[in-house]
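Visitor: I have some questions about how the labels for a structure are justified. Could you walk me through them?
Guide: Gladly, let's bring it up and start.

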Amino acid sequence: MTTLLISPPSSMAHATPPGHPERPERLRAIEQALEQEKFADLVRIRDVPAADRDAICRAHPPRHVDALVAAAPREGVVSIDADTTMSAGTLEAAVHAAGAAILAVDEVVGGSATNAFCAARPPGHHAEKATAMGFCFFNNAAIAARHAQKRHGLQRIAILDWDVHHGNGTQDIFWDDASVLYCSTHEMPLYPGTGAASERGAHDNIVNAVLHAGEGGESFREALEVAIFPRISAFRPDLIIISAGFDAHWRDPLANINLTEEDFAWATRELMDIADRQCGGRIVSLLEGGYDLQGLAASVAAHVQCLMRG
Ligand SMILES: [Zn+2]
């Protein structure tokens, strides 16, 4: 039983403007929480290769990569959209965040670890095929899923996205791909506006379970138990990827769902049970959102402790 913690140092080099919620301090808060004694058995990897162009282009067209390379500033910050900005360190952070997800797949599918958590940024689930948006540039979960299929020959990948925002990017990339099941719980109405239950993908391979402002753990657990977990089990995935955002925590300033860290722990345990039955326990978990430092750190700690079977 090995759990990896993959944290590329370049994640800190993606600078955002003052007051921006998606900031390097998020990773410092996580790092501090995971320094506790109970996490001593985590296998920590900081030396992460950058994702190469071919790996990124399994989820994005080359023109998307070229446009970001062209937009990257040498200094200062440039805006890609109203809330998505690039600094001099952004591209390097983004290719290493994708690289961390790829490394996690390699290690988990290769058998040297049962599961892995990537504490990297920028996040990825809002990045569509050819659009960077919502703090995201490359869709780390999508790149990891396609890498698992193309490089390791896995057939079916299930992605569970419990970030409080809908993963419009992941849905866009896999809309027409029956080999990937994308399942999301998210608040609506809320950014980015997609994710209605009627959005089901070209092959009924998208499952959107909507939560409403003010709801909490009871609604979240019901959404997973009724709408999502049976679908993941029936899909018989070879690997499960979590788009692990923690902005549905009650403390989070960007949304209005009232989860506690125990809700994230419960969801992790339930998903691990499915993974144990379906795919040898293989789970790759990727940090997405989570903007209250205290809520984020406590939630990640609860999530990772479960992954370690603590
Ligand atoms: Zn989010």
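Visitor: How do you know that the length of helix H4 agrees with its number of residues?
Guide: In this predicted model, H4 covers residues 90–110, which is 21 residues. The expected span is 1.5 Å times one less than the number of residues, so H4 should reach 30 Å. Its end C-alpha atoms are 30 Å apart, and the two values agree.

Visitor: What makes H4 largely enclosed by the rest of the structure?
Guide: A residue is buried when its relative accessible area is under 20%. In H4, 16 of the 21 residues are buried, so the helix counts as largely enclosed. Just after H4 comes Gly 111, with a positive phi of about 95 degrees.

Visitor: Why is the site of the zinc ion called irregular?
Guide: Let's begin with the donors. Asp 163 is listed twice through OD, alongside His 165 (ND1) and Asp 247 (OD), at 2.0 to 2.7 Å from the zinc ion. Four donors count as tetrahedral if all angles lie between 85 and 135 degrees. Here the angles among the four donor atoms run from 53 to 155 degrees. That range goes outside the tetrahedral limits, and the site is classed as irregular.

Visitor: What makes His 165 and Asp 247 a pair that ties together parts 82 residues apart in sequence?
Guide: His 165 sits in the loop between strand S6 (157–161) and helix H6 (168–174), while Asp 247 sits in the loop between strand S9 (239–244) and helix H8 (261–279), so the pair links parts that are 82 residues apart in sequence. Along the chain, the zinc donors follow the spacing D-x1-H-x81-D.

Visitor: Are those two residues buried or exposed?
Guide: Buried means under 20%. His 165 has a relative accessible area of 7% and is therefore buried; Asp 247, at 0%, is buried too.

Visitor: And why is Arg 269 called partly exposed?
Guide: Partly exposed lies between the 20% and 50% cut-offs. Arg 269 has a relative accessible area of 37%, so the label fits. This arginine belongs to helix H8. Not counting residues up to four places away in sequence, Arg 269 touches Glu 262 and Cys 306.

Visitor: How do you know that the radius of gyration of the chain agrees with a compact globule?
Guide: The rule is 2.2 Å times the number of residues to the power 0.38. For 310 residues that gives a value near 19 Å; the chain has 17 Å, which agrees. Of these 310 residues, 59% count as buried.

Conventions: Residues are numbered from 1 along each chain as its sequence is written. This is a predicted model: local features need pLDDT of at least 70, side-chain atom pairs count only at pLDDT 80 or more; totals for chains, interfaces and linings use all residues. Side-chain values use heavy atoms; hydrogens and water are left out. Donors are N, O and S atoms within 2.8 Å of the metal (3.2 Å for Na, K and Ca); water is not among the atoms, so sites may look incomplete. Four donors count as tetrahedral if all angles lie between 85 and 135 degrees; four count as square planar and six as octahedral if opposite donors are over 155 degrees apart and all others between 65 and 115; anything else is irregular. Helices (H or I, at least four residues) and strands (E, at least two) are DSSP runs, numbered from the N terminus. Buried means under 20% relative accessible area, exposed over 50%, partly exposed in between (1.4 Å probe, protein chains only). Contact means heavy atoms within 4.5 Å.
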